[in-house]
Amino acid sequence: MDKSYLFNTDFSGVLGEDYDLLKHICPTAIEMSHLVGSTIKGYTSATTRSGTAPLTVIELGCGTGITTLSLLSARSDILITAIDNEPTMLNQAKKSLADYVKSERLSFLEEDALSALSTLPDNSVDIIASAYTLHNFLNDYRNEVLEQCYRVLIPGGLFINGDRYGLDDISAHTALIQQEVSQYFKVLTALKRIDLLEHWIVHLFSDESQNHCMRESAAIRQMVTCGFTTPVVQDRNAVSALLTAMKA
Ligand SMILES: C[S@@+](CC[C@H](N)C(=O)[O-])C[C@H]1O[C@@H](n2cnc3c(N)ncnc32)[C@H](O)[C@@H]1O
């Protein structure tokens, strides 16, 4: 058996190179990044800060920088460390967001999310933000990442993730996935990108596998088990939704 297809969650090849075509096959993904950005607008840090110290933000899986730009545009008083372990994606973000790096509002870290979080001190980060990254993690790894997120956030810190949160109703969920597949075929055959179509379909099988899929209720339970208060799944659009939670 060729196991190279198993868990094809990596963005090193054609998926990463042509990631910008995602806006055509899945416009919701772009909207979700905007939502992640606009959600941090209203956040007030729980810590007493000296003067006007900026908020610290860790972004998990910045990819090509779509969500990063939304965060940076949402407010000027934040310092973002954007983490991604895939150079094909990260190099595109580095190029398009170079001005923010120059102005020291943004730094990039090419590292695995769990390793990067593990090196951070307890209670040291105001906001952890992410979009469409956590669903790529295997469940056990994701659990470890969420435990680390809880540890490094300050009390009152915000966790926000716009992502694929599967519907608890499996039949309704399957119907949405069927529509998603139809959309992939419609757009990518029109663009004559059968190569990309193959990669996205293979990737979708990983997303939908039992050891990746984050179902809404299970995801909320997982956040509560990690210690987060009042996790809420909102702004659902098909299989995508926004999850917010606070550290007590
Ligand atoms: C689908 S992209 C999302 C990028 C961006 N947030 C967006 O919405 O367009 C997921 C990103 O997560 C990164 N990623 C996946 N697993 C990771 C891990 N364990 N550590 C760090 N980054 C990871 C991938 O390389 C990829 O760039």
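**Figure 1. Helix α11 and its buried face.** In this predicted model, helix α11 spans residues 216-226. Four of its residues, A219, Q222, M223 and C226, are buried. Seen down the axis of α11, the buried residues fall within an arc of 100°, so they line one face of the helix. The face turned away from that buried side carries R221 and T225, both exposed. Several elements cover the buried residues of α11. They include the helix α8 (139-152). They also include β5 (153-164), β6 (228-237) and β7 (240-247). Just after α11 comes G227. The phi of G227 is positive, near 115°.

**Figure 2. The largest nonpolar core.** This core holds 48 residues. Which of them touch the most other members? They are I25, I40, I80, F108, I127 and W200. Another core lies apart from this one and has 27 residues. Among the residues of that other core are L60, V125, V145 and Y165. In soluble globular proteins, nonpolar side chains tend to be buried together.

**Figure 3. The surroundings of I127.** I127 is one of the residues that touch the most other members of the largest nonpolar core. This view leaves aside its neighbours within four places in sequence. I127 is then in contact with I40 and Y43. L55, T56, V57 and I58 are also in contact with I127. So are L153, L158 and I160. I40, like I127, is among the core residues that touch the most other members.

**Figure 4. W200 in helix α10.** W200 sits in α10, a helix of residues 194-208. Is W200 buried or exposed? Its relative accessible area is 6%, under the 20% cut-off, so W200 counts as buried. Residues up to four places away in sequence are not counted here. Beyond them, W200 touches F11, L15, Y19, L22 and I25. W200 also touches Y184 and L188. I25 and W200 are 175 residues apart along the chain. Their C-alpha atoms are separated by 9.8 Å.

**Figure 5. The ligand and its neighbours.** The ligand has 21 residues around it. Y19, T67, D84, A113 and A131 come nearest. In the side chain of Y19, an N or O atom is 2.9 Å from an oxygen atom of the ligand. T67 has a polar side-chain atom 2.8 Å from a ligand nitrogen atom. A131 contributes a polar backbone atom, 2.9 Å from a nitrogen atom of the ligand. How much of the ligand's accessible area does the protein cover? On its own, the ligand has 600 Å² of accessible area, and the protein covers 94% of that.

**Figure 6. S33 beside T67.** S33 belongs to helix α3, residues 27-40. Its relative accessibility is 3%, under the 20% cut-off, so S33 counts as buried. The side chains of S33 and T67 make a polar contact of 2.8 Å. Neighbours within four places in sequence aside, S33 is in contact with I66, T67, S70 and A131. Two of these residues, T67 and A131, are among those that come nearest to the ligand.

**Figure 7. G13 ahead of helix α1.** G13 lies in the segment before α1 (14-17). With a relative accessible area of 28%, G13 is partly exposed. Its C-alpha atom and that of I25 are separated by 18 Å. Along the chain, G13 and I25 are 12 residues apart.

Technical notes:
Residues are numbered from 1 along each chain as its sequence is written. This is a predicted model: local features need pLDDT of at least 70, side-chain atom pairs count only at pLDDT 80 or more; totals for chains, interfaces and linings use all residues. Side-chain values use heavy atoms; hydrogens and water are left out. A nonpolar core is a set of buried Ala, Val, Leu, Ile, Met, Phe, Trp, Tyr and Cys residues joined through side-chain atoms within 4.5 Å. Buried means under 20% relative accessible area, exposed over 50%, partly exposed in between (1.4 Å probe, protein chains only). Contact means heavy atoms within 4.5 Å. Helices (H or I, at least four residues) and strands (E, at least two) are DSSP runs, numbered from the N terminus. The arc is that of the directions from the helix axis to the C-beta atoms. A residue is near a molecule or strand if one of its heavy atoms lies within 4 Å of it. A polar contact is a pair of N or O atoms within 3.5 Å; within protein, one must be able to donate a hydrogen and the other to accept it, and residues adjacent in sequence count only if both atoms are side-chain atoms. Accessible areas come from the Shrake-Rupley method with a 1.4 Å probe; for residues, only the protein chains shown count as cover.
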